[in-house]
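Here's a quick walk through a small model for the bench. Have a look at the sequence and the structure first, then read on.

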Amino acid sequence: MAALTSTSELREMDDQGLETKLIEAKEELFNLRFQAATGQLDSYGRLKAVRREIARVYTIMRERELGITANDDEEGAA
């Protein structure tokens, strides 16, 4: 079971690292779903956490694609 990665750690990764993290998270989600279907899953909260991590990775990848940085968000709020 992989540990969750913080958003700041994900932002520091390069594109290849994000792709790798995404693949690992998707594999873990598949395994968790399989365990849930067979009644072997102990922690259903882990499903939610892994889905959120996948969403974070997709969000950061999309931000890079659009050229959005965290600093842009802070300046827009001021």
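How much area does the protein expose, and what share of it do carbon and sulfur atoms supply? The exposed area is about 5,600 Å², and carbon and sulfur atoms supply 51% of it. Areas here come from the Shrake-Rupley method with a 1.4 Å probe, and for residues only the protein chains shown count as cover.

A word on the ground rules. This is a predicted model, where local features need pLDDT of at least 70 and side-chain atom pairs count only at pLDDT 80 or more, while totals for chains, interfaces and linings use all residues. Residues are numbered from 1 along each chain as its sequence is written, and side-chain values use heavy atoms, with hydrogens and water left out.

**Overall layout**

The protein has four helices and zero strands, so reading from the N terminus the elements go α-α-α-α. Helices (H or I, at least four residues) and strands (E, at least two) are DSSP runs, numbered from the N terminus. Of the 78 residues, 24% count as buried, where buried means under 20% relative accessible area, exposed means over 50%, and partly exposed is in between (1.4 Å probe, protein chains only). Take the contacts (heavy atoms within 4.5 Å) between residues at least 6 apart in sequence: 66% of them join residues at least 24 apart.

**Helices 2 and 3**

Helix 2 covers 15–38 and helix 3 covers 45–66. The expected span of a helix is 1.5 Å times one less than its number of residues. For helix 2, with 24 residues, that gives 34 Å, and its end C-alpha atoms are 35 Å apart, which agrees. Helix 3, with 22 residues, should span 32 Å, and its end C-alpha atoms are indeed 32 Å apart.

On helix 2 the buried residues are L18, K21, L22, A25, E28, L29 and L32, and they pack against helix 1 and helix 3. On helix 3 the buried set is R46, L47, A49, V50, E53, I54, V57, I60 and E63; these pack against helix 1 (7–12) and helix 2.

Each of these two helices is followed by a glycine with a positive phi. G39 sits just after helix 2 with a phi of about 80°, and G67 just after helix 3 has a phi of about 80°.

**The nonpolar core**

In soluble globular proteins, nonpolar side chains tend to be buried together. Here the largest nonpolar core has twelve residues: L10, L18, L22, A25, L29, L32, L41, L47, V50, I54, V57 and I60. Helix 2 and helix 3 each supply at least two residues of this core. A nonpolar core is a set of buried Ala, Val, Leu, Ile, Met, Phe, Trp, Tyr and Cys residues joined through side-chain atoms within 4.5 Å.

L32 makes a handy place to zoom in. Leaving aside residues up to four places away in sequence, L32 touches L41, R46, L47 and V50.

For contrast, look at D42, in the loop between helix 2 and helix 3. D42 is exposed, at 77% relative accessible area. From D42 to L32 the C-alpha atoms are 9.6 Å apart, with the two residues ten apart in sequence.

**Charged pairs**

Side chains of opposite charge can pair when their charged atoms come close. A salt bridge is a side-chain nitrogen of Lys or Arg within 4 Å of a carboxyl oxygen of Asp or Glu. By this rule the count comes to five, including these:

| Salt bridge | Closest N and O atoms |
|---|---|
| E53 and K21 | 3.4 Å |
| R46 and E28 | 2.8 Å |
| E65 and R62 | 2.4 Å |

E53 lies in helix 3 and K21 in helix 2, so their pair ties together parts that are 32 residues apart in sequence. E53 counts as buried at 5% relative accessibility, and K21 is buried too, at 11%.

Likewise, R46 lies in helix 3 and E28 in helix 2, so that pair ties together parts 18 residues apart in sequence. R46 is buried with a relative accessible area of 11%, and E28 is buried at 13%.

What separates E65 and R62 in helix 3? They are three residues apart, which means about one helical turn. E65 is exposed, at 60% relative accessible area, while R62 is partly exposed at 43%.
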